[in-house]
Number of protein chains: 2
Amino acid sequence: MSEVSYNSRLAITAADRVLHEIQRAIVAGEITPGSKISEPELARRFDLSRAPLREALARLERCHLIERLPNIGARVVTLSIAGLSWLYQIREELEGLACRLAAQHMTDQQINELCQLLDLHLATQRVREGESYYQEAGDVDFHYRIIQGSNNPYLINILCDELYYLVRMYRVQLGMNGPRVSRAFDEHKAILTAIANRDGELADLLMRRHIAASRLNIEKHLHQLGK
Amino acid sequence: MSEVSYNSRLAITAADRVLHEIQRAIVAGEITPGSKISEPELARRFDLSRAPLREALARLERCHLIERLPNIGARVVTLSIAGLSWLYQIREELEGLACRLAAQHMTDQQINELCQLLDLHLATQRVREGESYYQEAGDVDFHYRIIQGSNNPYLINILCDELYYLVRMYRVQLGMNGPRVSRAFDEHKAILTAIANRDGELADLLMRRHIAASRLNIEKHLHQLGK
DNA sequence: AAGGTATTAATTGTCGACAATTTAAACTTA
DNA sequence: TAAGTTTAAATTGTCGACAATTAATACCTT
């Protein structure tokens with residue numbers, strides 16, 4: 001009989017399902033930034049009790065998508081230039097570190113697979129010029145892989161579990177696309193090349209620049225949106 | 001009638017109390033690393049229901065003091081050289097960043113207050129040579145202040161709320177004291193001087209070295225403890 | 001007696017209801 | 001009418017009980 005992989009025995013609970021659903025809705029902007037989260041309302045909407053809902057809210061707070069105050073309740077976070085800046089300051093440091101570690105720990109096979117993924121992104125991107133979603137997902141995928149390659153569980157947790165939903169929220173709600181798409185691809189390629197050459201220092205530097213450029217790009221959008 | 005300060009209206013809930021109590025017990029080693037957390041047992045022990053207890057467990061997971069698996073339960077984390085290394089890799093990056101930001105954002109008054117705190121540490125330390133607790137608390141205090149001075153909420157959250165309990169757990173359970181106490185003081189002084197001179201780059205460098213030295217110190221203890 | 005299976009016990013996940021607190025509304029008073 | 005106070009409604013925090021899942025025990029088979 002087929003042997004089920006050991007770690008895949010992570011049971012999916014009701015709290016998980018509602019978490020992912022609300023998470024998606026907040027990132028997509030379907031639940032307005034700054035709006036209040038009503039536990040009874042959400043419980044009705046997802047047809048479950050408040051217990052698993054509160055578990056989900058605890059995790060939403062953990063990834064900075066909502067803010068909770070005792071006896072008062074939860075609100076969806078609001079986006080701001082300051083918030084974006086704070087977020088990207090940390091990304092620069094930690095993803096730079098991730099690059100150094102990835103250059104140290106990623107296997108040749110993992111690097112090759114990521115290289116193929118990049119080529120796939122290029123193909124997809126050429127076909128659908130200016131389409132934002134794929135670039136978005138692709139970019140996230142690239143950063144995800146590097147971070148996973150760092151082999152540092154705390155680093156992975158902070159970046160992938162706690163900060164990345166907020167990063168995506170900024171990019172999705174500001175409708176990021178435009179001419180930076182192709183340049184981002186080149187930057188990804190350069191970073192990966194440095195990692196393939198086991199040059200962690202260079203990969204670190206390039207990643208910091210890449211993130212800084214990405215931040216400036218989003219800040220530009222934020223400014224020209226007036227707010 | 002006297003006006004209560006606005007932000008101090010944060011209600012203390014039952015979940016908060018039990019959280020702090022368990023947090024302290026884990027950091028102090030009163031609850032053995034690797035041991036299983038029994039919800040019914042803890043609920044009886046603290047004389048409350050499982051609802052606030054589970055809220056507390058969610059937050060304990062957030063600061064990496066326990067690990068939870070769905071439908072299985074929670075275990076207290078185990079300490080390891082690898083875990084310490086992972087933790088300090090992140091501290092080096094983020095507290096270095098905190099120094100750069102603190103040099104930018106801390107007011108002269110805040111810097112002066114921290115300077116006085118350091119002198120207080122020196123006095124206390126001279127009186128109680130080799131006493132670890134005060135140095136421990138003092139060191140934590142120093143790092144706390146720098147981090148708070150960074151003015152970056154995400155940075156503050158990651159370091160002070162999510163990672164520092166684990167840092168303290170390593171130091172407490174390994175009984176850190178010994179000759180590094182006085183050298184750590186000098187390093188603190190140098191870092192603060194750099195910040196006072198608004199030399200963020202130097203403060204960054206010195207902080208990274210300080211943390212690296214601290215890590216090596218703890219690793220030495222871990223090794224000579226055989227495990 | 002060893003290995004595997006079925007049964008039992010214990011633990012976690014979820015539910016509905018109540019208590020404590022906060023927010024909104026109604027009311028009073030100047 | 002505006003401000004402050006009192007009352008009512010709604011929301012969050014907590015509780016005890018049940019369902020679903022996991023861990024432990026007893027049982028059977030070879």
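I looked first at how α1(A) passes α3(A): the crossing is right-handed. A crossing counts as right-handed if the near helix is turned clockwise from the far one by less than a right angle, and left-handed if anticlockwise. The model is predicted; local features need pLDDT of at least 70, side-chain atom pairs count only at pLDDT 80 or more, and totals for chains, interfaces and linings use all residues. Residues are numbered from 1 along each chain as its sequence is written, chains are lettered from A and ligands numbered from 1 in written order, and side-chain values use heavy atoms, without hydrogens and water.

I then checked the packing. α1(A) and α3(A) pack at about 50°, with axes 8 Å apart. That makes α1(A) oblique to α3(A) (neither under 35 degrees, nor over 145, nor 65 to 115). Contact (heavy atoms within 4.5 Å) involves residues including A:L19 and A:I22 of α1(A) and A:L53 and A:A56 of α3(A).

Next I turned to DNA strand C. Which residues come nearest to DNA strand C? Of the 19 around the strand, they are A:T13, A:A14, A:S49, B:R50 and B:R54. Being near takes a heavy atom within 4 Å. Of the strand's atoms within 4 Å of the protein, 74% belong to sugar or phosphate and the rest to bases.

I looked up phosphate oxygens last. One is 2.5 Å from a polar backbone atom of A:A14. A backbone N or O atom of A:S49 lies 2.7 Å from a phosphate oxygen of the strand. For B:R54, a side-chain N or O atom is 2.5 Å from a phosphate oxygen.

Note on methods. A polar contact is a pair of N or O atoms within 3.5 Å; within protein, one must be able to donate a hydrogen and the other to accept it, and residues adjacent in sequence count only if both atoms are side-chain atoms. Axes are lines fitted to C-alpha atoms, for helices over the stretch in contact, and angles run from 0 to 180 degrees between N-to-C directions. Helices (H or I, at least four residues) and strands (E, at least two) are DSSP runs, numbered from the N terminus.
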